[in-house]
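Hi everyone, thanks for making time for this. I'd like to walk you through one model today, so please have a look at it before I start.

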Amino acid sequence: MTTARQLLYGLALVAALCLLFWTQQQRIDTATARADLATERLQKLEQRNERQAATIVRLGGEVAAQRADQLSLQQTTSDLHQAHATDQLKKKERQRHDPPLQSWADQPLPDAARRLHQRPAITGAAGYRHWLSSRDALHAQPGSAGH
């Protein structure tokens, strides 16, 4: 082999090695860029997960507070129902042992008071307005207008 041919083979080999190194460097750069992008995405996802976890904890606390409020409200309602039932029993007991109160309670209501207690099933504001405008108005008794 001649020196020129060896020189050409050597140059071709060096060029091939340079091309191989350059290609490998491009692959390394691409892989590094992908890794950086993946790291950035991972950080964003971790931040989002942290925000969601904080939201879940906050909502869990709110749900617990609402449950406690509901239990308190149910207890209050139960206490009020019990107090009302006790009052009704006391009232009936008083009526049974007090004849004047019993005779007063047995009397029918006056017509004006009975009309106040009569009310049809009303649906909506328009129905209520119509019911109010079609009723007989109660008038003040004579002599009580100046008081």
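**Salt bridges along a helix**

Let me begin with one pair: Arg 96 and Glu 93 are 3 residues apart in helix 1, so about one helical turn separates them. I should say right away that this is a predicted model. The two side chains form a salt bridge, with the closest N and O atoms 2.3 Å apart. As for their surroundings, Arg 96 is exposed, because its relative accessible area of 58% is over the 50% cut-off. Glu 93 has 32% relative accessibility and therefore counts as partly exposed.

Those of you who like electrostatics will know the background: side chains of opposite charge can pair when their charged atoms come close.

How many salt bridges does the structure hold? There are 3 of them, so let me take you through the other pairs.

Next up are Glu 62 and Arg 58. Their side chains meet in a salt bridge at 3.0 Å, N to O. Both residues sit in helix 1, 4 residues apart, which is about one turn of the helix. Are these residues buried, exposed or partly exposed? Glu 62 has a relative accessibility of 37%, so it counts as partly exposed. Arg 58 comes out at 46% and counts as partly exposed too.

Then there is Glu 40, which forms a salt bridge with Lys 44; here the closest N and O atoms are 3.5 Å apart. Glu 40 and Lys 44 are again in helix 1, which covers residues 3–97, and they lie 4 residues apart, about one turn of the helix. Glu 40 is partly exposed, because its relative accessibility is 41%.

Let me turn from charges to something greasy on the same helix. Which residues form a nonpolar patch on the surface? They are Leu 13, Leu 17, Leu 20 and Phe 21, and together they have about 410 Å² of accessible area. Leu 13 lies in helix 1. With a relative accessible area of 52%, Leu 13 is exposed. Leu 20 also belongs to helix 1, and its relative accessible area of 45% makes it partly exposed.

Leu 20 also gives us a handle on distances. Take Leu 20 and Lys 91, which are 71 residues apart along the chain: their C-alpha atoms are separated by 104 Å.

Now let's zoom out to the whole chain. The chain has 4 helices and 0 strands, so to speak an α-α-α-α run when you start from the N terminus. What radius of gyration does the chain have? The value is 46 Å, whereas a compact globule of 147 residues would be near 15 Å. Along the principal axes, the C-alpha atoms fill a box of roughly 140 × 40 × 30 Å.

The surface numbers are worth a look as well. Of the 147 residues, 1% count as buried. The chain exposes about 13,500 Å², and carbon and sulfur atoms supply 59% of that area.

One last item for the charge enthusiasts. The chain carries 19 positive and 14 negative charges, and the mean positions of the two sets are 7 Å apart.

To recap the part I began with: the structure holds 3 salt bridges, and the one between Arg 96 and Glu 93 has its closest N and O atoms 2.3 Å apart. Thanks for listening, and I'm happy to take questions.

How values were computed
Residues numbered from 1 in each chain as written. Predicted model: local features only at pLDDT ≥ 70, side-chain atom pairs only at ≥ 80, totals over all residues. Heavy atoms only, no water. Salt bridge = Lys/Arg side-chain N within 4 Å of Asp/Glu carboxyl O. Helix = DSSP H or I, 4+ residues; strand = E, 2+ residues; numbered from the N terminus. Buried < 20%, exposed > 50% of the residue type's maximum accessible area, 1.4 Å probe, protein only. Rg over C-alpha atoms; globule rule 2.2 N^0.38 Å. Areas by Shrake-Rupley, 256 points an atom, 1.4 Å probe, with all protein chains shown as cover. Lys, Arg positive; Asp, Glu negative; His and termini not counted. Charge placed at Lys NZ, Arg CZ, Asp CG, Glu CD. Patch = residues over 30% accessible without salt bridge, like charges linked within 9 Å, V, L, I, M, F, W, Y side chains within 5 Å.
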